[in-house]
Amino acid sequence: MTHLLDSRIYRDLFGTPEMRDIFSDESLVQTWLDVEAALARSQAAAGIIPGRAADEIARQARAKHIDLDALKEQTEVVGYPILPLVRMLASRCGDGAGEFIHWGATTQDIMDTATVLQLRRVHRILTRDLTRLVAAAADLAARYRDTPMAGRTHGQQALPITFGFKAAVWVAELARHQDRLAAVSTRLFVGQLAGAAGTLAALGPDGLDVQERMMTELALAVPPIAWHVARDTLAEFVALLALMCGTTAKIGQEIALLQATELEEVEEAYVEGKGGSSTMPQKRNPITCEALIAIGTIAGQDAALMLAAMRPDHERATGPWHVEWEVIPEACILAGGALHHATALLRGLIVRPDRMARNLRLTDGLIVSEAVMMALAPAVGRQRAHEVVYRAAMRAVESGRPLEGLLREDPEVAAHLSQERLRAALDPLAYTGLSAQFVDRVLAAVGHASQTRG
C-alpha cells in the first residue's frame with residue numbers, strides 16, 4: 001500500500017467507490033479521449049479537418065483500446081501522458097484519420113479540460129451528498145429542538161443550550177457550504193483550448209470558433225483567456241473541499257467528545273464489533289468520528305498544497321502543475337468520504353436526553369449562575385450582581401457546597417430574591433435562552449420543518 005485511498009483495507013474508511021471511480025486510470029484515460037474526440041468533432045464542424053476523420057477519431061476514442069501498461073512506460077519517457085495517448089489513438093484510426101488528432105492543441109488543453117469534466121462529476125456527487133447531510137443534521141435539530149443539555153466553553157460547562165441548538169449550528173455551517181458549492185460552478189466549469197503558449201496560434205483565425213464549438217460540445221463555458229498558469233479556480237475548489245471536510249471533522253470531534261464515558265450524551269450507532277478494541281472488551285470507540293477528524297486534517301493540507309501550486313512560471317509551469325495530479329483526486333475522494341460517513345453518523349446517532357439532563361445538574365446550580373446574576377441585577381446593578389454571585393460561586397467550587405445554599409446565606413441576595421425566585425433562576429432546564437427560536441430560524445432557512453417535542 002502506498003496510499004490510504006488505494007488500499008483495499010483502508011480506502012472505504014476515507015472515501016467511496018463512486019468517487020474513486022471518477023479518478024481511476026480507466027476513467028481518466030476515457031475522459032482524455034472524450035476531450036480529443038470533442039476537439040476533432042468541433043474542428044470538423046468548423047471545416048478544419050475532414051468530417052470522416054472526426055468520425056473515425058470519435059469511434060476509436062475508447063479507453064478499452066488503450067494499453068495502459070504501454071501508456072505508463074511511454075509516459076515515463078515523455079513525462080506526460082497525452083503524446084503517447086495520441087500516438088496510440090492514431091495507430092487505431094484508419095484512412096489517415098490519425099493525422100488529424102490533437103490538431104492545434106497542447107497537452108495541458110486536454111488534461112485541464114478533462115480535469116474540469118471530472119470535477120463536474122464530483123460536483124454533482126457532492127451537491128447530492130451535502131444535501132443529504134444537511135437533511136440529517138436538520139432532522140436532529142428539529143427532533144431535539146427543546147432537549148436541554150450543557151453548553152460548554154473552554155472545555156467546561158458554560159450555560160444550558162438544547163441539543164437541537166448544537167445541531168442547528170452544524171446545519172447553518174453546512175448550508176453555507178451548499179451556497180459555496182453552487183457559486184463555484186460558474187468559475188469551475190470552464191474548459192481549456194489555448195495551444196502551446198495560450199494564444200491558439202496553430203489554429204489561426206479559426207481558433208476562437210473551434211474553441212467555442214468544443215466547449216459547446218462538452219457543455220463547458222468558454223475561457224476568456226488561457227488558464228494554463230492561472231490555477232486560482234482549482235485552488236478555490238480544493239479549499240472548499242477542505243472547508244467541507246473541516247466542518248465534518250468538527251462535527252465528528254464534538255460527537256466523539258460527547259461520547260466520552262464521563263458524559264455519554266450521544267453515541268455512534270452500534271453494530272456488533274464496531275469500534276471494538278483488541279484488548280479491552282468494553283470499548284465502543286467513536287470510529288467514524290475518528291475517520292472524519294483524520295480526513296479533515298489531510299484535506300486541509302491538500303488545500304495548502306494547492307495554494308503552493310498556484311505559482312507556475314511564465315506560460316507553462318515547471319513543476320507546480322504536477323502537484324495537482326495528486327492533490328485534486330485525493331481532496332475530492334476525501335470530501336466524498338467525509339460527506340458519506342458524516343451522513344451515516346448523524347442518521348444513526350444515539351442521543352441520550354437523560355444523560356444530558358443528569359450532566360446539567362453536575363455543578364449544583366453553577367451552570368446557571370448567570371441566571372441568578374441577571375435576576376439580581378435590576379435591584380443592585382449588573383456589576384454588583386456579578387460580584388455577589390461570583391463570590392458565592394467560587395465558595396461553592398472550593399467548598400463543594402451547592403450554590404443555592406450559599407446564595408441564600410448572602411443577605412444581599414436574600415433581600416432581593418425570594419426563595420421561589422432563586423430556585424427558579426437555578427433551574428438549568430428553564431435557562432436555554434432562545435435556543436428553540438434559533439433552531440426554528442435555521443431550519444426555516446434550509447426549508448426544514450421544526451418540531452416541538454423534546
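Me: In this predicted model, is D129 buried or exposed?

Reply: Start with the relative accessible area. Buried means under 20%. D129 has 8%, so D129 is buried.

Me: Where does D129 sit, and which residues does D129 touch, leaving aside neighbours within four places in sequence?

Reply: Place the residue first, then list its contacts. D129 belongs to helix α7. Beyond neighbours within four places in sequence, D129 is in contact with L339 and T343. For a view of distance, take I48. D129 and I48 are 81 residues apart in sequence. In space, their C-alpha atoms are 43 Å apart.

Me: How many salt bridges are there?

Reply: The test is a side-chain nitrogen of Lys or Arg within 4 Å of a carboxyl oxygen of Asp or Glu. By this rule the count is 29.

Me: How far apart are the closest N and O atoms of R145 and D440?

Reply: The closest N and O atoms are 2.8 Å apart, and the two residues form a salt bridge. Now look at the sequence positions. R145 is in the loop between α7 (107-143) and β1 (148-153), and D440 is in helix α19 (residues 435-445). The two are 295 residues apart in sequence, so the salt bridge ties together distant positions along the chain.

Me: Is each partner buried or partly exposed?

Reply: Read each partner on its own. R145 has 13% relative accessibility and counts as buried. D440 has 24% and is partly exposed.

Me: What does the pair D427 and R361 link?

Reply: Begin with the bridge. The side chains of D427 and R361 meet in a salt bridge, at 3.9 Å from N to O. The pair links distant parts of the chain, 66 residues apart. D427 is in the loop between α18 (419-425) and α19. R361 is in the loop between α13 (353-360) and α14 (369-380). For accessibility, D427 has 26% and is partly exposed. R361 is partly exposed too, at 47%.

Me: Which helices hold E404 and R423?

Reply: Check the bridge before the helices. E404 forms a salt bridge with R423, with the closest N and O atoms 3.6 Å apart. E404 is in helix α16 (residues 403-409), and R423 is in helix α18. The two residues are 19 residues apart. E404 is partly exposed at 21%, and R423 counts as partly exposed at 42%.

Me: Which residues do shared salt-bridge partners join into one network?

Reply: Follow the shared partners. E18, R128, D129 and R132 are joined into one network by salt bridges. D129, in helix α7, is the buried residue from the start of our talk.

Me: How should I read the length of helix α12?

Reply: Compare its end-to-end reach with the expected span at 1.5 Å a residue. Helix α12 (residues 320-347) has 28 residues. From its first C-alpha to its last, α12 reaches 41 Å, close to the expected 40 Å.

Me: Where does α12 bend, and how many of its residues are buried?

Reply: Look for the bend angle, then for a proline. The bend is about 25 degrees, at V327, and the proline P329 follows within four residues. For cover, count buried residues. In α12, 21 of 28 residues are buried, and the helix is mostly covered.

Me: What should I make of a positive phi?

Reply: Most residues other than glycine have a negative phi. H154 departs from that, with a positive phi near 55 degrees. H154 lies in the loop between β1 and β2 (156-162) and counts as exposed at 83%. H314 also has a positive phi, of about 50 degrees, though H314 is not a glycine. H314 lies in the loop between α11 (287-308) and α12 and is exposed, at 66%.

Me: Which residues does V190 contact, leaving aside neighbours within four places in sequence?

Reply: Locate V190 first, in the loop between α8 (163-188) and α9 (207-218). V190 is buried, at 12%. Its contacts beyond neighbours within four places are V116, A221, V222, P223 and W227. M215 is 25 residues from V190 along the chain, and their C-alpha atoms are separated by 8.0 Å.

Me: Last one: which residues form a nonpolar patch on the surface?

Reply: Look for accessible nonpolar side chains that group together. I9, Y10 and L13 form the patch, with about 320 Å² of accessible area together. Y10 lies in the segment before α1 (11-14). Y10 is partly exposed, at 36%.

Definitions and conventions. Residues are numbered from 1 along each chain as its sequence is written. This is a predicted model: local features need pLDDT of at least 70, side-chain atom pairs count only at pLDDT 80 or more; totals for chains, interfaces and linings use all residues. Side-chain values use heavy atoms; hydrogens and water are left out. Patches are made of residues with over 30% relative accessible area and no salt bridge: like charges are joined within 9 Å, nonpolar side chains (Val, Leu, Ile, Met, Phe, Trp, Tyr) within 5 Å. Accessible areas come from the Shrake-Rupley method with a 1.4 Å probe; for residues, only the protein chains shown count as cover. Buried means under 20% relative accessible area, exposed over 50%, partly exposed in between (1.4 Å probe, protein chains only). The expected span of a helix is 1.5 Å times one less than its number of residues. The bend at a residue is the angle between axes fitted to the seven residues ending there and the seven starting there. Contact means heavy atoms within 4.5 Å.
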